[in-house]
Amino acid sequence: MHSTHRRRLILFIVVGAVLFYFSSRVGILRLYQGSTVSMYVIAIGSIILLTGYSGQISLGNGAFMAIGAYVAVLSQLYLDLPFFLTFFVAVLGAALAGLVLGIAAARLTGPYLAGATLALAVALPSIANLFPVLGGEQGLGYDSGNAPSLFGEVARFKWLFWISSLAALITCLLLQNILKSRYGRAWKSIRSNSVAAELTGINAAKSKVLAFVLSAGIAGLAGAVLTMSLGTVSPSAFPLSLSFALITGAVIAGISSLLPGSLVGAVVLVGMSQLVGALTTRFEIGDVLAQNLKELIVSALLILAVVFTPNGPGEKIREMRDHRKHHSHGGHR
Amino acid sequence: MMRLNRSKNALTLTALAATVAMVATVVPAQASTDKVGVTSNLIKLGISQPTDGPASAGYNKVAPAMKAYFDYINANGGINGRKIQLTIENDGYLVQNAVNKSIKLVDDGIFAFVGSLGTANNLNVASALDLKNTKIPSLFVNTGFSGFAVKKDHPSMFALFPSYYMETKIIGEYIKKNYPNKKVGIIYQADDFGDDGLAGLKQAGITLVKEVPYASLSQADPRSAPAWITQLSSAGVEVAIMFGVTSATGAALGAAARAQYKPQWILGSVGSDVTTLNALGISNPILNGAITGSFLPATTDLTDSYIKLFREVNTKYNPGVAFDSNVLAGMNTAFVTAAAIKAAGPNLTRSGLIRTIETKGKSFLSASLTPPTYSTTSHAGYAGFWLGTFNSSGVLVPETGKYKVYTTDSAKGKVVVSTYKRPEVSGKGLFK
Amino acid sequence: MEKLISASLIGLSQGAIFALMALALVLVFRSTRVVNFAQAGQAMVSTYIGWEVVTRTENYWIALPAAALAGALLAAIIETFLMRPLAKRASHGAIAPVASIIASLGVLGVLHSGAAMIWTTEQKLFESPVSVNGIEIGSTVYPFSQADMLIISTVVIVMLTFAFFFQRTSLGLSLRAAAFQPEISRLAGVRVDRVRTIGWALSGAAGAVVGVLVTPGNYLSPFSLDILLVYGFVAAVIGGLESPQGAALGGLILGMSLSFTSIYVSSGLTFIVPFIVLLLILLVKPKGIFGGGSSRNA
């Protein structure tokens, strides 16, 4: 077990070093897209934990992102917290909101939970316009700070990319450990059979609330990362389509695979419009078709993913490989 | 266990390496940023605006109209020997897309943004791209939010439209003069856009007997309109101001017509484009008698030299598109842009362009009936409106038969009648 | 007093629409345990079919059944070619509890973009067959028109028809049986698959009726019915997701809450009210007003 921990840590450092190296070799668009991918990795991670492991569905994780984002900004504005601390506060704030809803949600199953979270996602943006302290439609500014002087002069987008990819790496590391821990196993067993799980002494209700709270907190971190790259928090950054996009990203790459699932999902979400853009110019597709092609492809992919690889392409590949391995090693066992 | 983990790690590593590979493209060599996007024969401009999606109705005509005008200039030799290339990016009116597309434009090496649409989108783009420090010009943004005129906050951005605050101050003065002692009420969008409008009315000293906010999502929910109307009618409102986007304006006018509630309507200019209202099912008889403001001549005014020119350009370079107020606004933005580029001279730089607008912007010609008010301290554009009444065929007829233009500022300044005499369009609008 | 009456009438008319949308969702849910987010898209596409018919025949009364038929057909296709195989393939694993919700989100996206490709995003208009003007009683005009009466009466007729169908006809009874006890029904000779498809088709027709009813006096675009999905879903959840009576009651509760808070508190709360109402009701009854009594667990 310990060696796995150490191996993960080493991997984490290697990946970090590779990203650090490449951050100096790309343009601002790629850096910004890298930040967006990192943000999505975190946000999709929150869905994977909630849906893939504990079997609950939330159509409102975009709302928890918004809560995290606002908490981060307000804590900077009023408590003067340094920006990395605002991230922690964002996680706590969103997790608290998740706890409130989660206690209510613990009694809600599938569709009822979907309904409550959907209504939340619709309600949240207009709340910002009710309270002047939230800055209304123009929102509030967020200062993402500068790199420590030991790095020398660091361009804004490079700095943003460093922070967001670091946040994503840490989140993945922690999440991976949580999912492999007894909590993760408990969620899985509740998901597959809650009665049997209760019999083995797992408190299903508590365990589900815990998943909901953690998921909300992680979504809050994603919200803070998003706000950092935008430099502003405003209600229009958190439309209902964001919540739907998170689910799409999580499902396309396999709902129960944190890595590489969340990464593949995030890359698909960010890269698809570019890919479609390239396709439409290449094949000279008409305007009306071109403008709607991206949504069509992403939606079709979502359907195909659910039908053909319900547990993700990663899972599918692993299944096939395990199957092969089983065959080749079968004789020795 | 061990084996499984190792293979998992390998998989992870592969995936990460794949992203890194995706991310890794060679950086273009960094030149001085002041001349980015300008060569001896080309100027690259960019705009981010919605060309599809629920919020794109009407607005999707703005950028193509701009492009049409630039095409007209290019076909006649460009400005100072340079052609103008406008790249249009579709943001679907979503903040995240607007930021992503704007960064793409900068990465593609544009010289400046021009006419980017939407308050929230522009604010997010400004902070994400740190326009304050990078000083990438964002010219003549397509919104009436007064904040973009504040040089201290947005040193490289220029507003063009009169602010919402100016508009309702002028409407307020008009009400005081023409409808004294009438009960005034308002339906407004429950965000900064509406709040700005509300504040202008209060500055003008208007007492509102009823304030009806409506929640904005990506657009208003038309089904809630009967409830807005009930509130106005039961408060006995006789002069009803509708200060919202076109979808909400249409919903309110429709619901009022159905409830046979007939106040004197005064519509904010944001929501009063006839073509878009017609498309939403608001027929001209319903619009008949409603008052609204505009800072540009009426789209139907063929005696106006600018309208005449723009209509000709539209027919030739934007074929098949009806000439409405969105097309007019787009053409006019392109016209002002051309004026600014011409004034900045042959040695075109970002900082030079900004300085030129600040120092010479006041004298830029355009279709607007008030001149821009740019100065070294303020980036506010036009500062006036004329008011008119829709007749039964949807034509906006000016108050006194001729354009009577009121002008004011975004602070406590008085509303006065403008004495500005706009020169006619010269040199076929080509900036030779 | 006028204000009170107006608020009630607006609430009633809105509530009827929400109720019918909720009913469409309930019909699918109780026959196949699927929360169908594509409902808004299906209704939208069917309404476009209705619009095509109206522009060709200039007759609303032909368009309404045509749209309903199209809605039924579309729903049956989705059920047969997507939801049924999905139920078989994704019956286990992490995604099983939510696979159908997610697939329906995908269908919604396909319908949105498909409709935008075919009909563009420009708004289409529908004339109402009856007057949309408010009725005049004494000197007061109330925000309630013949069109609103048409909406309410159509919704009531559809609801009563369904009630009769489920309780008095053998097909209706087997539908209910198949929903509640699919295995036993199968043994009893009910063709469960066919019965499920019929449940979807009925729901598709109900959704189409919603679209054709609300579009006159409004407009049609690929997105114009989306917000109704949110309201309809909230109404269905309030009612308990499984009971048509619950859908009716949920729709009414939501319609009235929206109308009264709009008129008496603030119309800026339109998007917050559904969440608050839903949360309050779910806190007291976690499975909605009419839901949950049963021993089954989804």
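This is a tour of a predicted model, one selection at a time.

**Chain C as a whole**

Select chain C and show it as a cartoon. It holds 11 helices and 2 strands. Followed along the sequence, the elements of chain C run α-α-α-α-β-β-α-α-α-α-α-α-α. Switch to the C-alpha trace and turn chain C along its principal axes: the trace spans about 65 × 50 × 35 Å. The radius of gyration of chain C is 19 Å, which agrees with the value near 19 Å for a compact globule of 298 residues.

**Two helix pairs within chain C**

Next, select residues 60-89 of chain C, which form helix H3, together with residues 192-214, which form helix H8. The axes of H3(C) and H8(C) come within 7 Å and cross at roughly 140°. H3(C) and H8(C) are therefore oblique to each other. The crossing of H3(C) past H8(C) is right-handed. Colour the residues of this contact by class to find 16 nonpolar, 7 polar and 4 charged.

Keep H8(C) selected and swap H3(C) for helix H5, residues 146-168 of chain C. Here the axes of H5(C) and H8(C) are 11 Å apart, at an angle of about 175°. Angles over 145 degrees count as roughly antiparallel, so H5(C) is roughly antiparallel to H8(C). Now show side chains. From H5(C), the contact uses Ile151(C), Thr154(C) and Val158(C). From H8(C), it uses Ala206(C), Val209(C) and Leu213(C). By class, the contact of H5(C) with H8(C) has 5 nonpolar residues, 1 polar and no charged.

**Chain C against chain A**

Add chain A to the view. Its contact with chain C takes 41 residues from chain A and 44 residues from chain C. On the chain C side, select H3, helix H4 (99-119), helix H9 (226-239) and helix H11 (273-284); each supplies at least two residues. H4(C) provides the largest share of this side, 14 residues. Colouring the side of chain C that touches chain A by class gives 34 nonpolar, 8 polar and 2 charged residues.

**Chain C against chain B**

Hide chain A and show chain B. Here 32 residues of chain C are in contact with 29 residues of chain B. On chain C, pick helix H1 (2-32), strand E2 (140-145) and helix H10 (244-265), each of which supplies at least two residues of the side that touches chain B. H1(C) gives the most to this side, with 6 residues. The class colours on the side of chain C that touches chain B come to 13 nonpolar, 16 polar and 3 charged residues.

**The domains of chain B**

Finally, hide chain C and stay on chain B. Give one colour to domain 1, residues 35-162 + 299-382, and another to domain 2, residues 164-294. Taken over C-alpha atoms, the centres of domain 1 and domain 2 of chain B are separated by 29 Å. Where the two domains touch, 14 residues of domain 1 of chain B are in contact with 15 residues of domain 2 of chain B. Select the domain 1 side of this contact in chain B: its residues divide into 7 nonpolar, 6 polar and 1 charged.

Key: Residues are numbered from 1 along each chain as its sequence is written. Chains are lettered from A and ligands numbered from 1 in the order in which they are written. This is a predicted model: local features need pLDDT of at least 70, side-chain atom pairs count only at pLDDT 80 or more; totals for chains, interfaces and linings use all residues. Axes are lines fitted to C-alpha atoms, for helices over the stretch in contact, and angles run from 0 to 180 degrees between N-to-C directions. Helices (H or I, at least four residues) and strands (E, at least two) are DSSP runs, numbered from the N terminus. Angles under 35 degrees count as roughly parallel, over 145 as roughly antiparallel, 65 to 115 as roughly perpendicular and the rest as oblique. A crossing is left-handed if the near helix is turned anticlockwise from the far one by less than a right angle, and right-handed if clockwise. Ala, Val, Leu, Ile, Met, Phe, Trp, Tyr, Cys and Pro count as nonpolar, Asp, Glu, Lys and Arg as charged, and the others, Gly among them, as polar. Two residues are in contact if their C-beta atoms, placed from the backbone, lie within 7 Å. Domain bounds come from an automatic or database domain assignment. The radius of gyration is taken over C-alpha atoms; the globule rule is 2.2 Å times the number of residues to the power 0.38.
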